[in-house]
Amino acid sequence: MADEKEKIWVNSGDSHVWEPSDLWQKNLPQSMAHRGPRIVREERHDVYYCDDEKVFFSRPEMLDAITPPGMLDLNLRMKDLDEQGIWAEVVFASVGLWMTVMKDPDLVRESARVWNDWAHDELIKRSERYLPAAMLSPLSIDDAAKEAERVAQLGFKAIALPTTPPPGVEFNQKEFDKLWGVCNETGLVVCFHVGTGTSKLVVTRGPGGAIINYWETTVPAQRSVVHVLASGALDRFRNMKVMAAEAGAAWMPALADRLDEAHRQHEIFTDPKLERRPSEIMKDQVYASFQHDESAIATVTGMGYNNVLWGSDYPHLEGTFPHTQEVLHELFDDVPADVRHRITLGAFEELFGVAMPQALAA
Ligand code: MN
């Protein structure tokens with residue numbers, strides 16, 4: 001039985017929180033109060049609205065399954081963390097992630113500010129164990145850079161960008177240097193969480209759809225990493241760190257090989273010229289979080305890519321709640337102590353500067 005075994009303490013690079021259902025209605029400027037992200041339980045579906053457009057549907061049992069008491073009550077949540085063996089966690093929004101599909105720059109800027117203020121008051125002020133990933137406008141780099149500066153001062157350590165930006169926006173654009181510069185300066189980690197932004201979550205309804213659509217969410221996460229890296233941003237901003245959240249990890253070294261090949265064989269076409277091989281850049285500045293992948297551990301032990309973090313994805317169906325310890329024992333029981341430490345605690349500490357007290361680790 002797992003509960004008779006030693007508790008494995010971990011940090012989580014990927015978790016979620018439910019915002020209060022009336023958060024935006026209460027806090028957006030009066031003129032746009034009803035246009036924020038919200039969920040309405042209709043006859044057969046929970047309908048996600050953004051700017052009064054229906055942007056997502058799910059079956060009611062889905063929402064119920066991902067709403068344990070700790071998802072709404074942040075004091076109960078701390079009990080879940082302790083019981084599951086999670087010290088600190090990067091906390092992403094839930095319905096708030098949908099603001100990344102908005103088309104009105106003013107609305108998304110204000111919606112992001114509302115989430116960030118709430119996350120500051122309710123998460124950052126409550127405990128150093130909660131590291132919310134600030135929402136930013138994907139429609140205006142100026143707005144995003146300004147808000148990034150503001151949240152860094154409020155104590156945020158991470159920002160969330162959608163893996164699929166709005167039409168016309170690409171993460172290799174030189175204009176993004178304004179935002180990357182703020183992240184470089186302040187240490188804000190740039191997080192790309194799977195399944196966010198304007199991509200279709202249902203690509204096929206045919207045979208195998210559930211698995212195909214799940215896999216599809218990985219592709220934009222890879223694209224985001226490639227765009228940032230190939231644009232030379234990580235050369236220009238050596239202190240900037242990127243994390244792909246919930247996208248698995250073992251693809252990173254394979255991706256690095258592919259990019260190295262382009263960098264070497266297509267050198268005459270590359271612009272800008274990168275100062276380091278893509279694989280070196282990834283080892284220095286790009287990280288990945290996973291939940292269940294056995295191959296993620298072999299990535300560290302066998303492929304020399306160490307920037308691998310475990311993540312609970314609390315409380316989603318793709319995650320490990322409420323059986324985190326079983327998953328951790330299955331993954332790590334036979335893994336050398338240094339590798340286990342790196343994946344469960346060390347990479348997170350390096351990225352976010354939050355360390356678990358020694359007394360727990362012992
Ligand atoms: Mn997640």
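Axes here are lines fitted to C-alpha atoms, for helices over the stretch in contact, with angles running from 0 to 180 degrees between N-to-C directions. All views show a predicted model.

**View 1. Helices α8 and α9 in contact.** Helix α8 spans residues 209-216, and helix α9 spans residues 218-230. Their axes come within 4 Å. The crossing angle is roughly 10°. Angles under 35 degrees count as roughly parallel, so α8 is roughly parallel to α9. On the α8 side, the contact is made by Tyr214, Trp215 and Glu216. On the α9 side, Thr218, Val219 and Pro220 take part. By class, the residues of this contact are four nonpolar, one polar and one charged.

**View 2. The open sheet β2-β3-β4.** Three strands make up this sheet, with antiparallel pairing. From one strand to the next, the twist averages 30°. Strands β2 (38-41) and β4 (53-58) stand at the edges. Each has a single partner strand, so one side of each is left without a neighbour in the sheet. Strand β3 covers residues 46-50 and is joined to β4 by five bridges. One residue pair to look for is Cys50 with its bridge partner Glu53 in β4.

**View 3. Surroundings of Val47 in strand β3.** Val47 has a relative accessible area of 1%. Buried means under 20%, so Val47 is buried. Beyond its neighbours within four places in sequence, Val47 is in contact with Arg38, Ile39, Val40, Glu42, Lys54, Phe56 and Phe57. A distance for scale: Val47 and Glu275 are 47 Å apart, C-alpha to C-alpha. In sequence, 228 residues separate Val47 and Glu275.

**View 4. The manganese ion and its donors.** Which residues coordinate the manganese ion? They are Asp14 (OD), His16 (NE2), His193 (NE2), Glu246 (OE) and Asp313 (OD). The donor distances run from 2.1 to 2.2 Å. Along the sequence, the donor residues follow the spacing D-x1-H-x176-H-x52-E-x66-D. Are Asp14 and His16 buried or exposed? Asp14 has a relative accessible area of 0% and is buried. His16 is also at 0% relative accessibility and counts as buried.

**View 5. Strand β9 between β8 and β10.** Strand β9 covers residues 242-245, and both of its faces are covered. Val242 and Ala244 are buried on one side. Met243 and Ala245 are buried on the other. Strand β8 (residues 189-197) runs parallel to β9, joined by four bridges. In this pairing, Phe192 stands opposite Ala244. Strand β10 (residues 286-290) also runs parallel to β9, joined by three bridges. Here Met243 has Tyr287 of β10 as its bridge partner.

**View 6. Strand β6 between β5 and β7.** Strand β6 covers residues 130-135, and six of its six residues are buried. Strand β5 (residues 86-92) runs parallel to β6, with three bridges joining the two. Val91 stands opposite Pro132 in β6. The pairing of β6 with strand β7 (residues 158-164) is parallel too, over three bridges. In that pairing, Ala134 stands opposite Ile159 of β7.

Note on methods
Residues numbered from 1 in each chain as written. Predicted model: local features only at pLDDT ≥ 70, side-chain atom pairs only at ≥ 80, totals over all residues. Heavy atoms only, no water. Parallel < 35°, antiparallel > 145°, perpendicular 65-115°, else oblique. Contact = heavy atoms within 4.5 Å. Nonpolar A, V, L, I, M, F, W, Y, C, P; charged D, E, K, R; others polar. Pairing = 2+ DSSP bridges. Donors = N, O, S within 2.8 Å, 3.2 Å for Na, K, Ca; no water. Buried < 20%, exposed > 50% of the residue type's maximum accessible area, 1.4 Å probe, protein only.
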